There are 2 protein chains.
Amino acid sequence: MTAWEQQLTACDCRITMPRRAVMGALLEAESPLAPQEILDRGRQVHTRLGLVTVYRTLELFLRLTLVRRVHREDGCQGYVLTSPGHHHVLLCRDCGRAVEFPGGDDLQVLIQRVEGETGYRVDEHLLQLFGRCTACQQGESDA
Amino acid sequence: MTAWEQQLTACDCRITMPRRAVMGALLEAESPLAPQEILDRGRQVHTRLGLVTVYRTLELFLRLTLVRRVHREDGCQGYVLTSPGHHHVLLCRDCGRAVEFPGGDDLQVLIQRVEGETGYRVDEHLLQLFGRCTACQQGESDA
DNA sequence: CTGTTAATGAAAACATTTTTCATTAAGGGG
DNA sequence: CCCCTTAATGAAAAATGTTTTCATTAACAG
């Protein structure tokens, strides 16, 4: 039994084919997937998979912090598996490929400064970087 | 003629009542507004205002960097006026009030580190902090 | 003031997300 | 290993958010 299956069992959730299909799609994805994309890929594993179930499964996975929701430039919500530790997302604006990176002390310093200046208590943050991956930089260096 | 009106004139765009209504709503807002909210407020100035025009006007304002688009927790897109300089948004998760703050060197340090580690060229970023403003901290200290 | 044309707004198309409810199947107890 | 309970599912429809279409309006140059 894999780690995510154990986590489901631990909170009295069942391990079902639809959930396997959604997790499978996310495991093989190399960039954040929209719910519709997860449906398309998941159906290769579980033909009867429905879009509603994809939404519900993502909601569950979010609650268990198995997946992270990222802001895609096309407006849709994108979903990626969470890596261990606190990570942020770096998206290539050409091919959509995403890599995660850990948040360093730099951000904590900045957050503390902002807390001091504003009086707010900051307890969460969303950091996403956009740019071009190595391959896309070479492909269209000045096009 | 105000600064934004000059900017519109400079790019051969007309200064219209709908655009005045949208800008008016944004000027008086104290937190990011969704298009529908802008419509409601804008109609107090220009009764005939339509939602489509709100979208088109926001698109124009975005292109001119008069407004910034922020990711709201309810899933909608929120729009706020851009402050001079490079700013980020800090949202109160209770009352929705937003303040902007300038991005410091800390973030540049982090970005350079990530560029080095991944090979990506980073040219844009989205940083939003979530927390509680001073007032909401006092109101519900442990509720 | 008038003509040109950018801009507008209503309706409809489209996309995304949520709700409803009858049916299915996961997995514990016998 | 089978049966039963009920969580989970999926189709349809509703709700919500965004974009397109196109006839009409109004900004502003002349």
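This note goes through a predicted model of two protein chains and two DNA strands, point by point.

1. Overall make-up of chain A. Chain A contains six helices and five strands. Read from the N terminus, its elements follow the order α-α-α-α-β-β-β-β-α-β-α. Along the principal axes, the C-alpha atoms of chain A fill a box of roughly 50 × 45 × 25 Å.

2. A hairpin in chain A. Strand 3 of chain A, residues 87–92, pairs with strand 4 of chain A, residues 98–102. The pairing is antiparallel and runs over five bridges. To follow the register on screen, start at A:H87, which stands opposite A:P102 in strand 4. Five residues lie between strand 3 and strand 4, and the two strands form a hairpin. In the turn, A:G96 has a positive phi of about 80 degrees.

3. The contact between the protein chains. Chain A and chain B each put 39 residues into their contact. The area buried between chain B and chain A is about 3400 Å². Carbon and sulfur atoms give 59% of that area. In chain B, the residues that lose the most area to chain A are B:D106, B:Y120 and B:L126, and together they make up 20% of what that side buries.

4. Polar contacts and salt bridges between the chains. What joins chain B and chain A in polar terms? Twelve residue pairs are in polar contact across the interface, counting pairs with both residues at pLDDT 80 or more. The number of salt bridges between chain B and chain A is zero.

5. Which elements of chain B touch chain A? Strand 3 (87–92), strand 4 (98–102), helix 5 (105–118), strand 5 (121–132) and helix 6 (134–139) of chain B each supply at least two residues of this side. Strand 5 of chain B gives the largest share, twelve residues. By class, the side of chain B that touches chain A holds 19 nonpolar, twelve polar and eight charged residues.

6. A strand pairing across the chains. Strand 5 of chain A, residues 121–132, is joined to strand 5 of chain B by eleven bridges. The two strands run antiparallel. One pair that shows the register is A:R121, which stands opposite B:R132. As background, the side chains in a regular strand alternate between the two faces of the sheet.

7. The surroundings of DNA strand D. How many residues surround DNA strand D? There are 22, and the closest are A:T16, A:T53, A:R56, B:I15 and B:Y55. Of the atoms of DNA strand D that come within 4 Å of the protein, 64% belong to sugar and phosphate. Helix 2 (17–28) and helix 4 (51–63) of chain A, along with helix 4 (51–63) of chain B, each supply at least two residues of the surface near DNA strand D. Helix 4 of chain B gives the most, with four residues. The residues of this surface divide into ten nonpolar, six polar and six charged.

8. Individual contacts to DNA strand D. A polar side-chain atom of A:T16 lies 2.6 Å from a phosphate oxygen of DNA strand D. The side chain of A:R19 has an N or O atom 3.3 Å from a phosphate oxygen of this strand. B:R14 has a polar side-chain atom 3.2 Å from a base nitrogen of DNA strand D. The contacts listed here therefore include phosphate oxygens and a base nitrogen, a pair of N or O atoms within 3.5 Å being the criterion.

9. The surroundings of DNA strand C. DNA strand C is surrounded by 22 residues, the closest being A:I15, A:Y55, B:T16, B:T53 and B:R56. Sugar and phosphate account for 66% of the atoms of DNA strand C that come within 4 Å of the protein. Helix 4 of chain A, together with helix 2 (17–28) and helix 4 of chain B, each supply at least two residues of the surface near DNA strand C. Here helix 4 of chain A gives the most, with four residues. This surface has ten nonpolar, six polar and six charged residues.

10. Individual contacts to DNA strand C. A phosphate oxygen of DNA strand C is 2.6 Å from a polar side-chain atom of B:T16. For B:R19, a polar side-chain atom lies 3.3 Å from a phosphate oxygen of DNA strand C. The side chain of B:R56 has an N or O atom 2.5 Å from a base nitrogen of DNA strand C.

Methods: Residues are numbered from 1 along each chain as its sequence is written. Chains are lettered from A and ligands numbered from 1 in the order in which they are written. This is a predicted model: local features need pLDDT of at least 70, side-chain atom pairs count only at pLDDT 80 or more; totals for chains, interfaces and linings use all residues. Side-chain values use heavy atoms; hydrogens and water are left out. A residue is near a molecule or strand if one of its heavy atoms lies within 4 Å of it. A polar contact is a pair of N or O atoms within 3.5 Å; within protein, one must be able to donate a hydrogen and the other to accept it, and residues adjacent in sequence count only if both atoms are side-chain atoms. Ala, Val, Leu, Ile, Met, Phe, Trp, Tyr, Cys and Pro count as nonpolar, Asp, Glu, Lys and Arg as charged, and the others, Gly among them, as polar. Contact means heavy atoms within 4.5 Å. Buried area is the accessible area (1.4 Å probe) that two parts lose on being put together, summed over both. A salt bridge is a side-chain nitrogen of Lys or Arg within 4 Å of a carboxyl oxygen of Asp or Glu. Two strands pair if DSSP finds at least two bridges between them.
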